[in-house]
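Here are some remarks on the model, arranged as numbered points. Please read them with the coordinates open.

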Amino acid sequence: MADSEFAPKFSPFFSFTAMGAAYGTAKAGIAISGVGTFRPDLIMKSLIPVIMSGIIAVYGLVVAVVIHGDLDRDHSQALYTGFMHLGAGLSVGFTGLAAGYAIGIIGDAGVRAYMQQSRVYVGMILILIFAEVLGLYGLIVGLILNSKSRA
């Protein structure tokens, strides 16, 4: 049977890491826009949450490229390999979604607080790093699962 009979056309468009990154960018971007109306001098330092959200999307891209490199040209693979690829994608996807959500909330509150008190900046960056690490953990687990799929 042809591969197109089982694979829906929309399946490549579901990227949970991209959804998390989009949410984080939107949530933090709204706060940055609000801060920029009152304190335009703080905009450049306030872009950190948006940059960190973009990195979350890259994690998903890395795992997608690695998984794509493991696929056979004739589209046939063992059930074990398929489930390992699914697990790798879901681990990086769901952690990316959670990390993007956390970065958006932290970025929103942190940037607004930074506008009122500049001493909050270092604490905001530290909390953002902890939120980013959630996505990094998913990337590491995804790469480990992908390496096990070759067994």
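1. The expected span of a helix is 1.5 Å times one less than its number of residues, and helices are DSSP runs of H or I with at least four residues, numbered from the N terminus. By that yardstick H2, with 23 residues, reaches 34 Å from its first C-alpha to its last, close to the 33 Å expected.

2. This is a predicted model, in which local features need pLDDT of at least 70 and side-chain atom pairs count only at pLDDT 80 or more, while totals for chains, interfaces and linings use all residues. Residues are numbered from 1 along each chain as its sequence is written, and side-chain values use heavy atoms, with hydrogens and water left out.

3. The buried residues of H2 (under 20% relative accessible area, 1.4 Å probe, protein chains only) include Pro49, Met52, Tyr59 and Val63. Their cover includes H1, H3 and H4.

4. In the largest nonpolar core (buried Ala, Val, Leu, Ile, Met, Phe, Trp, Tyr and Cys residues joined through side-chain atoms within 4.5 Å), which has 22 residues, Val63, Ile103, Val111 and Leu128 touch the most other members. H1, H2, H3 and H4 each supply at least two residues of this core, and H3 gives the largest share, eight residues.

5. Leaving aside neighbours within four places in sequence, Val63 is in contact (heavy atoms within 4.5 Å) with Ala88, Gly89, Val92, Leu139 and Leu143.

6. H2 and H4 pack at about 5 degrees with their axes, lines fitted to C-alpha atoms over the stretch in contact, 10 Å apart. The two helices are therefore roughly parallel to each other, a term for angles under 35 degrees.

Definitions and conventions. Buried means under 20% relative accessible area, exposed over 50%, partly exposed in between (1.4 Å probe, protein chains only). Axes are lines fitted to C-alpha atoms, for helices over the stretch in contact, and angles run from 0 to 180 degrees between N-to-C directions. Angles under 35 degrees count as roughly parallel, over 145 as roughly antiparallel, 65 to 115 as roughly perpendicular and the rest as oblique.
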